[in-house]
Amino acid sequence: MGEAMEEKGKRKTMEKIPLTITTPITDNIQQILQQLKPNVRLIAVSKTVSVEKMREAYGAGIRDFGENRLQEACAKQEQLKDLEGISWHFIGHLQKNKAKLAVQTMDWIHSVDDLKLAQSLNRRANELNKRPKVCLQIKILPDPNKYGWSVEQLLETLPELEACDSLDIQGLMTILPLELSEAEIFDAFVEVAKFKEQLNQTTQLNLKEVSMGMSGDYLQAIKAGATMIRLGSKIFGKRE
C-alpha cells in the first residue's frame, strides 16, 4: 500500500510540471531569435511549406510569414484563419494583373520592382480604400536574373513613386546576386542601408525598413543594418 501511495504521489508531481515539446522547427527558431537585434523582424518564408509546419512555427512565436505565390498564400490563409496576429508578406515577383488580389490579401508587399507595378498597386489600393505597406526592390549590384530598380533608375522615378499616396512605402528590399564572397555580400548590404538613409535625407519618403538577408547571409545582413530578414530553409529545413 505504501508503494502505491508513493507512486500516486509521483504521478501528481509530474502532472504539475509543464511539458515543453520541442521540434527541429522550434529549435531552429529559438536559435535564430537569440541572434537577432531587437529591431529586426524575422519573416518565415513559408512557400511550399505545409500548414502543419507553419503552425509549429506559430507556436514558437513566429507571426510573420512570407509567400511568393498568391494562390498558395490565399489557401493557407483560409486554413490558418483560426490563428491570431499573423502578418502576411508577399516576397515574390508580382505581376500587375494580380495587384488587386495582392492588395486584398497581403499586409506587406516586399517586391515592388518597377513603376508600373507601383502605380497599379496604388490604383487598386485606392479603389479598395486600403494602404498596404510596401518595399521597393532594388538591385544594388547589376544582376540580369533579378527584378528591381538600379539605384539610378529608382532615383529617376522618385517623383512618380512619391505620388502613389495610397501606398505606405516603408523601405527597401534586395536580393543579391549569387556567388558573392562574404565580404562582397556584407559590402552590398551596407550599400543598401546607406541608400535608404540617402533617400530619407533627400526625399519625403521617411523609409524605416531594410528587407534583406536570407538563410545563407542573414547574419551579414543584420550586421549591415537589416530590419527584416527572410528565412526559409534555416527555419523549416531543406525543401523537398
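A residue is taken as buried under 20% relative accessible area, as exposed over 50%, and as partly exposed in between. These classes are applied below to a predicted model, beginning with its charged side-chain contacts.

The whole structure contains 9 salt bridges. One of them joins K196 and E197, whose closest N and O atoms lie 2.7 Å apart. The two partners fall into separate accessibility classes: K196 has a relative accessible area of 10% and is therefore buried, whereas E197, with a value of 36%, is partly exposed. Shared partners also give rise to a network, in which salt bridges connect E67, E72 and K76.

A further salt bridge is formed by the side chains of R124 and E127, with an N to O distance of 3.1 Å. Both residues belong to helix α6 (residues 115-127), where a spacing of 3 residues places them about one helical turn apart. R124 is partly exposed, its relative accessibility being 27%.

The contact between D168 and R131 is of another kind with respect to the chain. Here the closest N and O atoms of the salt bridge are 3.8 Å apart. The pair links distant parts of the chain, since D168 lies in strand β6 (residues 168-173) and R131 in the loop between α6 and β5 (133-137), with 37 residues separating them. Accessibility again divides the partners: D168 is buried at a relative accessible area of 18%, while R131 is exposed at 51% relative accessibility.

Attention then turns to strand β4 (residues 108-112). Of its 5 residues, 5 are buried, so the strand is largely enclosed by the rest of the structure. β4 pairs in the parallel sense with strand β3 (residues 87-90), over 2 bridges. Within this pairing, W108 of β4 stands opposite H89. The connection between these strands includes helix α5 (residues 99-105), and β3, α5 and β4 together make a right-handed β-α-β unit.

β4 is also paired with β5, again in the parallel sense, over 3 bridges. W108 takes part in this pairing as well, with K133 as its bridge partner in β5. Helix α6 completes a right-handed β-α-β unit with β4 and β5. Helix α6 thus belongs to this unit and also holds the R124 and E127 pair described above. The loop that carries R131, the partner of D168, lies between α6 and β5.

How values were computed. Residues numbered from 1 in each chain as written. Predicted model: local features only at pLDDT ≥ 70, side-chain atom pairs only at ≥ 80, totals over all residues. Heavy atoms only, no water. Salt bridge = Lys/Arg side-chain N within 4 Å of Asp/Glu carboxyl O. Helix = DSSP H or I, 4+ residues; strand = E, 2+ residues; numbered from the N terminus. Buried < 20%, exposed > 50% of the residue type's maximum accessible area, 1.4 Å probe, protein only. Pairing = 2+ DSSP bridges. Right-handed = clockwise from strand over helix to strand, strands pointing away.
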